[in-house]
Each structure stands twice: as C-alpha cells, then as structure tokens.
Amino acid sequence: MPTAGAEQHALQGGSQEKKIFSIYGHYPVIRAALRRKGWVEKKFHFLPKVLQNVESEDKGREDNKGAETKENQEIPLERLDDIHDVMSRLVKNEIPYLLWTIKRDVVDYHSLTCDQMLNHYGKTASFTTKIGLCVNMRSLPWYVQANPNTFFPRCYGLCTESEKQEFLDDFRRTVASSILKWVVNYQSYYSKIKAKSKKEEAKNGDPSPKKDPDTSEPKSQGLSGQLVDTACKVCQAYLGQLEHEDIDTAETSTEALTEEEWNNLTKQYYLLVHGNAFIPDSRSYFSQCQTLLSKISSVNPQTEIDGIRNIWIIKPAAKSRGRDIVCMDRVENILELVATDNQTTKDNKWVVQKYIETPMLIYDTKFDIRQWFLVTDWNPLTIWFYKESYLRFSTQRFSLDKLDSAIHLCNNSIQRRLKNDKDRSPLLPGHNMWTSTRFQEYLQKRGRGGTWGSIIYPSMKRAVTNAMRVAQDHVEARKNSFELYGADFILGRDFKPWLIEINSSPTMHPSTPVTAQLCAQVQEDTIKVVVDRKLDRNCDIGNFELLWRQPAVELPPFNGSDLCVEGISMKKAKKPMPPITNLNFSESLSDTPLKVRSPRALLDPATGPSQMALRQDWKREEAKVLSATWSVPVTAAEGRIRAKPAYAFPVSNYQHGDSKTPKSTFTRTQSTKHSDPNLTSIQNLSLVLQNTKPVERPRSPPPRASGNRGEPVPLCPTVFEEFWLLPNPRRRPSSCILQSRTQGWIKGVP
C-alpha cells in the first residue's frame, strides 16, 4: 500500500499539472487511459439525475444509447479500498480539468473555465438530428462547391405545408421516372428471356413453343400506352425546369397536369408496380424512355438509388435508435401518418427521406458502415478521421417485397432483439458485424480491392467534411472542447457511400468482439489527440488522421491614424423674444390645470384684438401645445426610487437670467433631491442651465386684455421645482422643451 507521502506527492503533481478528471457514465477505457498518464479522478459517487432521463430527452443519440444508459444506472458503486479512491477523496475540492460525460447537459456548460476540457460542444443539433441535417444540407452550395444530392439522399421535413408540397411533387416526379424504368427493365428482361430461349433451342434442336412475356404470366389488366406518354411528358417538364426553361411559363400552364390527372397517374402506377398490371405495347416506347432516363441520370445523381418502387423512409425528427422509423411506398399513407400525429411537440415532427432501393449487398444481406470522426475545434475547423470502421448487418435477407424495419434498418438497437434468419448466408458472422479490414478482404477476393481506397474511403471523408463545414456557423464553438461523432453510411451498387445520419456520443459498449476491439481503440486514440498532442505535436495519435484544418485567417495590421472630430455644434440663431411686461398671476387660478402658452403668442393688451378673437387664438394654440406635449409622458430612469412621471412643455423661446430684457416669470423652488441623470444628460445646454436664475415675484392679479367687457386673460400659474431646456424635434429649431419635475405634482395633468 502506498504511503501517505506518495499520495500527497501524486495529489500535488496532479493539481499543479491540472491532471484531474471526472467521468459521468461507464467509460472504463477512458478512466484507465487517463490514469496511466498520471491523471487523478475526482469521482462522483451519485449519478446525476439527468442521466436517468437521458433516453427521454435524447435528441442526437444513436442506436445503442438506451442500453448504455440502462447499464450506467445499474453500475454498483465501488468501495473506496484502493489508491485511486483515496486520491479521489483528496481532490474532492479541486476543479476537474477534463470532463467526459455521456451528454453535454450533465454539467453546466457555460460555467466551465477556459482550462477545463469537455467532450461535447453546444448547439450541434444542426447536424446530429435528422431535421437539422436535412435542412442544413440544402445550404451546402453556399459554403462548398458541392452538390448534396451526390452523397445525401434527398430529404424533406413534413412539419410545414410548403415542405409537404415539395415532397408530394418529388414523389410524383419519381412515379413518372419509375414508369420509364419499368418499360426499360421489362424490355431488357424480355430480351434476356428471348436470348435464353434461342440458346436452348439451338442446343436441343427442338424448338419449344414461344411464350410472349406479356401473356405468359397471369395479368389482371393491361394499361394503355397513354400512361407512358404522360410519364414522358412529366419527365420532359422536369428536365426543362432543371435547364430553367420554365422561367417565362406561368404556373397555371396547360402543360401541367391537373390534380385529377395526377391521381389517375398514381393509381395506374400502383397497379403497374405493386399489382399484376402491364403495358402491352411497351416495346414501342423503349427507345424514348431510355433516352429520357439517360438525360435524367446526367442531371440527377440519385436516379440510380430511386429504383422503381418509390419507397420512402419516415423518421421522427428528434428520436434515435431507430424508434418509430417506418418505410412506405404510397404517398397517401405517408401524408395520413403525418396528419394524424400531434404536431405540437418536437418529437412528433416527421422527416421523410428517399430510401436507397439499390444498396450494395453482402451475401444478399443489407449492411451499413459506422465511421468515427473527431472535431477538436470549430474555429478554425479541425476534423480528425478514424481509419478503422465497422459494418453492421441485418438479421434478415434483403427484399423490397416486405417493408419490415428488421430488413431495412441495420441499427444495433433493432437487430440485437431479432434472431438471424435461417435463409441467411452462413458466411455472415453470428454477431452481425465486420471490421473495415475484413470488408476490404471481402472486396479483394472479388477483384474489387481497390474500391475501398479509391471510392469508399475518400467519399466518406468528403461527405463528413462538407457536413461539418455547413454546420460550422451553427455550433457553439467553445475552445478547449472536443467531441467524437459517429456517421452512418450505406453503399450503393456502384460502391458509392451515402450519408444517412451523424450521431453524437456514439456507443462504446463492447456488445460484440468487433466493438470490443474497435471501441476501446478509438477511445484511447481520442485521448492521444486531445491530451497528449497538447504537449507534443508529434506524438502518436493512433489511427486518427487529420482530415481538415481550416486555414487560419490573419487580419491585416491596421496602420491608419486615430481620427477624431472636435468642436461645438452649430445651431440656428434664435429669434429675439419680445418684451413681456406687467405679468401678474392671480391666486384664484393656482388650482386650475396647467397650461403653457408661447410668450410670443401673447399680445400687448393695449394694442391687442378683441377679447373674442383672443380667446379663439388661445384655444387653437392651446390645442397645439397640448397635443405636442401631454400625449407622451417622460418617465424617470429605472433603478432609482420610483418617481412620478414628468411632462414636457414646449415653449417658443426662453429668456436668459442675465439678459437686460424683461424676464418671463418662472418661479423655481430649491429641490432637496438629485436631478435625474437621464434628463440632465444634454451637454450642450449645461451652460444655459447653470446661468439660468430663478426669479421670485409676488403674486398679483393677471393682466387684463383690452376689450368691451374687460375680462381677465385666462393665464395659469406655472410653478416648477426644477427645469431643463431640451431640444424639441416637433417644433422649430428655436423652440425648446421645459421639463418639469414638480415635487407635489400638478393637479389636473392627465
């Protein structure tokens, strides 16, 4: 047993070198690899609650995460009886500098320091969810000069009406091209049968009775050749759209099919492909159909994988491990499934993707490829590609006659519950997995050994690079983080890989001998890249290779001068204010509503007009002032003691305190409060505010205007506690706003 001194020395070394890590979940390979490198684990002896709900909240997980989570919950807590447990207790108050978790939400992502490493990034749903990858691939041409249709089967999100219509149009176009394929394939099959019968006839010397393929098998009904004409018309229109020949064509053109014609075409297609119907005179359309298909294939790289059955795979947008995934070949059933579901929750948004009807098969069995890659930085984007991968086989023989998920889905979470079909080839492994090395040996035996290095492997690298580059702007690019992803590919008959989905936190459970070897190896190599390479750029990184590192963009040095503008603002000169004399205020008017009138509007009582004209002019001016001032209150700044709202009153002019002209009477009482900073922030009027002097004058009866009756002019007293002069954009440049903050507030102000 190590001594206490050795424990303390190891503890100090781990703390000083920042070699303390924490793990949430069952990752024995990561734990052992870090301990061998001198790291000390800060253990958490209680699993976080978030792990208990990881299956229900999982968005970007792949096939076996549910089993792994269940396994994590069943792990017994080890007794603290060895050196690692003792050291874990000693560092319980230290900060872990490497966090390895099953999902990002286990820890507070934003509270981590810049020195702490985490094996997850934030906001990766743009490529780790089915709907995110579906939407992002459409934006690929804006980022990379590449066509997503060359490596990603076309996909639609069925959560909006526009997306549904785009899918419906695609389904109908595929119906038309499938009819053309049926004609070509049927005639090719007829030619083979005819050639075979001739060989048998020449060999036996006894001509057998000729059988017409059109009548040799029982058929329910014969379809008119107009079906092929309509399909050719649709394909011609599709080619015209790709060549932009429909720019000047109205949407309601007579060349487009009506809804009734589309429904009729679809029904006859179902009879032709899924039933026993046939086209008697299909031989006369062979040349035309072959020419059109050749043109479509030159512009549509997915023509080969479409097949003739028009099968689509429907997936929940945010679920994983193959849950609720179905295959369908009738458009009405697909739309009905989406319409009957509840679209309010995120998990019920559906994604429909074109099913690859012509996959590469190994011993008549479908398979997919799990390929790992590691992202260590998003700015600049840095991707590491793993040289080893593994194949996952289906337990059933491949057939398009049945749309069972056990045949068409290779997810381990689905296949591990099933038994291998008795009719399946015995050359396939019982655990349904191959390493990529074993697959290359298989190709070598069949004379296609070069396809892995020339087609499959480079194409997978390009697909991953393109997917990451288009998602770069959406990910929360935290420095000192990294994440290992698992991409799923399916090969076509031409060995071309098609990207199906990308999974975060790929399973590392050793469920088979293949995963027991490769999963442990990729975890150890990940530690080499993210830990060892920080200290030594030339260290061993295992089977990882640098796939993509974005060139660093260096900003040019700025040699310009630090320019600034100094001076004072220029304003239009104010008009001189006419003298106002003998302004007295009556005490009886002190309780009336506050009304402010431009002094310029007041007329000399000795020379003014009649009292009736003066009252009318007063009302018009009063309406203008009130509409321009009292409609919007000016509130005090937030964060201070709540003050009563202040109202702004525009006046035509003001009189400086030192002016020799008679002053307008504005009584100002000294305030015991500090002025509001939001209302005193006008710097260019600070001198005016400092030099403005309050004038106290005794109250006297208001002046009387000249008239027949000699009644007093209805002026109101204005008593202010503080005032500021602010520019008023609603009036002339010479006008200003008199800002009032009356302590007792003014009665009658609305």
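## Close-up views of a predicted model

**View A. Strand 9 runs antiparallel to strand 12 (residues 483-491), and seven bridges join the two strands.** The chain shown here and in the views below is a predicted model. In this close-up, Arg-370 of the pairing stands opposite Asp-488 in strand 12. Strand 9 also pairs in the antiparallel sense with strand 10 (residues 381-393), in this case over ten bridges, and here Arg-370 stands opposite Tyr-390 in strand 10. The connection between strand 9 and strand 10 is a hairpin, which passes through two residues. Strand 9 itself, residues 367-378, is mostly covered, with eleven of its twelve residues buried.

**View B. Four strands pair in the parallel sense to form an open sheet in the order 2-1-3-4.** The edges of this sheet are strand 2 (40-41) and strand 4 (117-118), each of which pairs on one side only. Within the sheet, strand 1 (residues 20-23) pairs with strand 3 (residues 98-100) in the parallel sense, and the pairing extends over three bridges. One position to look for is Ile-23, whose bridge partner in strand 3 is Trp-100.

**View C. Helix 2 (residues 28-36) lies across strand 1, strand 2 and strand 3.** The direction of helix 2 makes an angle of about 170 degrees with that of strand 1. Which residues of helix 2 are buried? They are Val-29, Ile-30, Arg-31, Ala-33 and Leu-34, so that an arginine is found in the list together with aliphatic side chains. The cover over these buried residues includes strand 1, strand 2 and strand 3, and helix 21 (513-535) also contributes to it. After helix 2 comes Gly-38, a residue with a positive phi near 90 degrees.

**View D. A second open sheet has four strands in the order 5-8-6-7, and its pairing is antiparallel.** Its edge strands, each pairing on one side only, are strand 5 (155-157) and strand 7 (326-328). On average, and with direction ignored, neighbouring strands of this sheet are turned by 25 degrees against each other. Strand 5 and strand 8 (residues 350-354) run antiparallel and are joined by three bridges, and in this pairing Tyr-156 stands opposite Val-352 in strand 8. Helix 8 (residues 130-138) lies across strand 5, strand 6 (312-316) and strand 8, and runs at about 115 degrees to strand 5. Helix 16 (residues 331-340) packs on the sheet as well, where it touches strand 6, strand 7 and strand 8, and its direction makes about 140 degrees with that of strand 7.

**View E. Helix 12 (residues 226-242) and helix 14 (residues 286-299) have axes that come within 11 Å and cross at roughly 30 degrees.** With angles under 35 degrees counted as roughly parallel, helix 12 and helix 14 are therefore roughly parallel to each other. The crossing of helix 12 past helix 14 is left-handed. On the side of helix 12, the residues in contact are Val-228, Cys-232, Cys-235, Gln-236, Tyr-238, Leu-239 and Leu-242, and on the side of helix 14 they are Gln-288, Cys-289, Leu-292, Lys-295, Ile-296 and Val-299. By type, the residues of this contact between helix 12 and helix 14 comprise ten nonpolar, two polar and one charged.

**View F. Helix 12 also packs with helix 13 (residues 259-273), at an angle of about 115 degrees and with the two axes 11 Å apart.** The crossing of helix 12 and helix 13 is left-handed. From helix 12, Leu-227, Thr-230 and Val-234 take part, meeting Trp-262, Leu-265, Gln-268 and Leu-272 in helix 13. Sorted by type, the residues of the contact of helix 12 with helix 13 are five nonpolar and two polar, with no charged residue.

**View G. The whole chain, with 23 helices and 19 strands, gives the setting for the close-ups.** Of its 750 residues, 46% count as buried. Among the contacts in the chain with a separation of 6 or more, 73% are accounted for by residues 24 or more positions apart.

Note on methods
Residues numbered from 1 in each chain as written. Predicted model: local features only at pLDDT ≥ 70, side-chain atom pairs only at ≥ 80, totals over all residues. Heavy atoms only, no water. Pairing = 2+ DSSP bridges. Contact = heavy atoms within 4.5 Å. Axes fitted to C-alpha atoms, helices over the stretch in contact; angles between N-to-C directions. Parallel < 35°, antiparallel > 145°, perpendicular 65-115°, else oblique. Left-handed = near helix turned anticlockwise from the far one by under 90°. Nonpolar A, V, L, I, M, F, W, Y, C, P; charged D, E, K, R; others polar. Buried < 20%, exposed > 50% of the residue type's maximum accessible area, 1.4 Å probe, protein only.
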